[in-house]
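Dear colleague,

Please find below the structure I promised to hand over, together with its sequence. My notes follow it, and I would be glad if you could read them with the model open beside you.

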Amino acid sequence: MFDTAFLDLPALDRAGGTVRLPGSKSISNRVLLLAALAEGETDVHDLLDSDDTRVMLAALAQLGCQVRQHDGVTRITGLGGALHGTRQARLFLGNAGTAMRPLTAALSLLGGDFELSGVPRMHERPIGDLVDALVQLGCAIDYLGNPGYPPLRIHPVSHEGLHLERPIRVRGDVSSQFLTALLLALPLAAQQQPVTIEVMGELISKPYVEITLNLLARFGIAIERDGWSRFTIPAGSRYRSPGQVHVEADASSASYFIALGAIAPPLPGTDGIRIEGVGADSIQGDIRFVDAARAMGARIDSGANWLHIARAEWPLKAIDLDANHIPDAAMTLAVMALYADGPSTLRNIASWRVKETDRIDAMANELRQLGAQVEAGPDFIRIHPLPAGAWRAASIHTYDDHRVAMCFSLAAFNPDQVPVRILDPKCVAKTFPDYFETLFGVCSAPDVPVICVDGPTASGKGTLAAEVARLLGYHYLDSGALYRVTGLAMRRAGLEPSAQHEADIAALARTLPLSFPPGQVLLAGEDVSDAIRSEDAGMDASRVSALPAVRQALTDLQHHFRRLPGLVADGRDMGTVIFPRAPLKVFLTASAAQRAERRYKQLISKGISITLDSLRLDLEARDARDMSRSAAPLKSAKDARLLDNSEQSIAQSVEQVLDWWRQVQPFKPA
């Protein structure tokens with residue numbers, strides 16, 4: 001997950017390959033609550049690992065459920081419909097509506113004293129219609145803030161005092177989660193007589209209620225229904241664990257990759273995007289996004305649990321769609337509409353206004369940031385396509401809404417090849433923590449950005465480059481370690497640094513499985529940071545660097561580090577030889593005396609005895625050798641920005657480089 005202030009997506013051009021999606025949020029949290037209420041143990045496979053499910057798991061643990069996770073399986077030992085021990089708790093539920101609404105209903109019937117709260121946005125999401133329905137039943141609930149909204153205080157009531165003889169009425173035109181919460185919880189009260197729910201008004205988001213009914217049946221609750229207006233829980237209903245539950249991949253998350261296949265030309269050697277884990281047999285309503293994507297011109301094939309999408313019609317076809325049946329996935333259509341042949345309209349989406357943010361306003365605002373003409377009303381949005389030449393490099397505000405962030409990543413495929421900045425990208429943790437990594441794994445870019453940081457020995461370029469990479473969410477390349485690691489790998493392979501073994505060493509170097517997490521050099525996952533700093537390793541590095549085939553192999557390897565979303569590379573020839581077209585090159589320097597003092601402090605702290613004068617003389621000698629090398633001598637690129645950090649802290653140097661990076665980006669200042 002990208003835990004950065006922003007993530008810059010360079011212009012993307014092609015996509016292809018296979019993606020495996022995380023589990024459905026809607027199914028995951030429903031299953032967790034049902035498993036907690038049921039008798040027996042339930043093994044949940046492929047559970048979504050996200051903010052929302054962590055919130056639910058933490059709440060269930062507070063309520064006394066035993067939760068064990070091992071080898072990708074979450075085992076829930078159910079409460080059997082009654083609390084055991086814990087009857088008082090404060091539950092913090094973040095911004096998880098799929099936890100707040102069902103737990104409000106279930107806890108109102110479990111006979112405890114509970115306080116439910118969340119983040120400020122959760123306290124702006126209506127819950128009054130659900131509370132009204134529960135109060136009709138005889139539950140005791142107080143608002144601790146604004147009436148109609150969380151936080152809530154739930155008081156214990158006895159089932160004998162509940163009003164089960166008359167139907168419980170709930171509005172259906174605000175959120176289907178209110179009905180879902182009642183359906184999940186009311187079997188607790190239907191021990192002696194049936195319980196009936198009547199829906200007032202048109203029920204929105206019916207497919208999500210279908211998920212609820214399907215899962216209730218798996219846990220032994222057979223709901224009787226009269227269309228979408230009346231639901232009855234039979235007397236004597238009891239939750240019974242099915243033993244095993246497999247969570248489908250999330251159909252809402254599939255929408256981004258369905259759209260990707262419809263928008264992007266295929267990568268060479270591929271025929272579009274294949275999605276595994278969800279398909280034609282899905283119980284999720286958002287699988288009907290497939291129909292909308294086909295209507296816009298995508299070619300889609302499907303099996304029981306897979307989809308294959310390829311671009312067909314181009315530009316996409318404009319649509320006019322009642323999107324009430326796919327409220328979450330329909331947001332993706334709003335960005336697809338930018339690539340259409342005319343204005344597209346999404347109707348009957350009033351529920352967008354009571355989600356993680358007011359999604360109608362949010363989508364309209366950010367589409368306009370890209371340059372689009374947008375019209376929006378109480379329950380609709382109309383988007384006009386963006387022709388070539390009209391796209392703007394935009395910083396997309398995400399409103400702490402995971403779906404806004406994921407939708408607008410698709411704008412990076414624009415014909416004007418302008419980048420897109422996603423603010424607060426970590427908000428995708430709510431349902432799809434690895435979304436951007438998954439996207440980058442199946443996409444290509446015509447020009448992946450690189451920041452080069454060159455400079456002499458002990459100038460601090462490694463520390464600076466690694467921190468800049470961390471703050472931007474970019475990959476990091478410590479080129480200075482490459483020859484040392486090659487020498488280490490050579491010795492482990494039983495080779496000698498000679499012309500006789502040059503081809504074998506080069507083949508080894510070209511595929512070194514290297515990575516550079518903070519403060520480490522990993523070779524195939526092994527930390528070799530100390531092993532490559534020995535005197536012998538330094539000698540081997542010098543010897544292998546004299547072999548032309550090895551130098552070429554390591555040049556190729558360095559080019560392979562240039563991956564999405566970007567790269568920060570440090571060394572002595574990054575800006576002059578390896579990445580000469582990098583948009584930002586920094587030449588970092590400091591006086592030999594200052595560098596010697598820094599290195600002296602490092603060595604003394606490690607217990608290594610050395611004199612300051614000898615260090616200074618050694619650095620001056622190394623500078624002279626590096627600058628006089630025949631191959632890739634140390635020198636500043638002509639277009640590099642000089643940064644003398646003799647009197648600067650690391651933080652000051654980092655901020656200077658980031659400021660230069662902002663200057664070469666097309667985004668307007670915030």
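**Salt bridges and their surroundings**

In this predicted model, R491 counts as partly exposed, with a relative accessibility of 36%. Its salt-bridge partner is D540, and the closest N and O atoms of the two lie 3.0 Å apart. The pair ties together distant parts of the chain, since R491 sits in helix α14 (residues 482-492) and D540 in helix α16 (residues 535-545), 49 residues apart. D540 is classed as buried because its relative accessible area of 8% falls under the 20% cut-off.

Beyond this pair, there is a network in which salt bridges that share partners join K25, D52, D250, D328, K355, E356, R359, D401, R403 and K430. In total, the structure holds 47 salt bridges.

Two further pairs may be worth a look. E41 and R75 form a salt bridge whose closest N and O atoms are 3.8 Å apart; this pair again links distant parts of the chain, with E41 in strand β4 (residues 41-45) and R75 in strand β6 (residues 73-77), 34 residues apart. E41 is partly exposed at a relative accessible area of 39%, and R75 is partly exposed at 32% relative accessibility. The other pair is K426 and D424, whose side chains meet in a salt bridge at 2.8 Å, N to O; K426 counts as partly exposed at 34% relative accessibility, and D424 counts as partly exposed at 23%.

**The sheet**

The strands of the E41–R75 pair, β4 and β6, both belong to an open sheet of four strands, in which the order is β5-β6-β4-β15 and the pairing is mixed. Its edge strands, each pairing on one side only, are β5 and β15 (244-246), and from one strand to the next the twist averages 20 degrees. Strands β4 and β15 run parallel and are joined by three bridges; H45 has H246 in β15 as its bridge partner.

**Cavities and a pocket**

Turning to the empty space, I found five cavities of 30 Å³ or more, and the largest of these has a volume of about 230 Å³. It is lined by 23 residues, of which T98, Q177, Y208, D328 and K355 are the closest to its centre; D328 and K355 are also members of the salt-bridge network described above. Helices α1 (25-37), α3 (97-110) and α5 (176-185) each contribute at least two residues to this lining, which by class comprises three nonpolar, nine polar and eleven charged residues.

The second largest pocket encloses about 480 Å³ of space. Of its 32 lining residues, P22, G23, D46, L47 and V247 are the closest to its centre. The elements that give two or more residues to the lining are α2 (51-62), β5 (66-70) and β6, and α2 gives the most, with three residues. Strands β5 and β6 therefore serve both in this lining and in the sheet, where they stand next to each other in the strand order. By class, the pocket lining has 13 nonpolar, eleven polar and eight charged residues.

With best regards

Methods:
Residues are numbered from 1 along each chain as its sequence is written. This is a predicted model: local features need pLDDT of at least 70, side-chain atom pairs count only at pLDDT 80 or more; totals for chains, interfaces and linings use all residues. Side-chain values use heavy atoms; hydrogens and water are left out. A salt bridge is a side-chain nitrogen of Lys or Arg within 4 Å of a carboxyl oxygen of Asp or Glu. Buried means under 20% relative accessible area, exposed over 50%, partly exposed in between (1.4 Å probe, protein chains only). On a 1 Å grid over the protein atoms alone, a cavity is a set of points where a 1.4 Å probe fits but cannot get out, and a pocket is an open set with protein on both sides within 12 Å along at least five of seven lines; lining residues have an atom within 4 Å of a point. Grid points are joined across faces, edges and corners, and a volume is the space filled by probe spheres set on the points. Ala, Val, Leu, Ile, Met, Phe, Trp, Tyr, Cys and Pro count as nonpolar, Asp, Glu, Lys and Arg as charged, and the others, Gly among them, as polar. Two strands pair if DSSP finds at least two bridges between them. Axes are lines fitted to C-alpha atoms, for helices over the stretch in contact, and angles run from 0 to 180 degrees between N-to-C directions.
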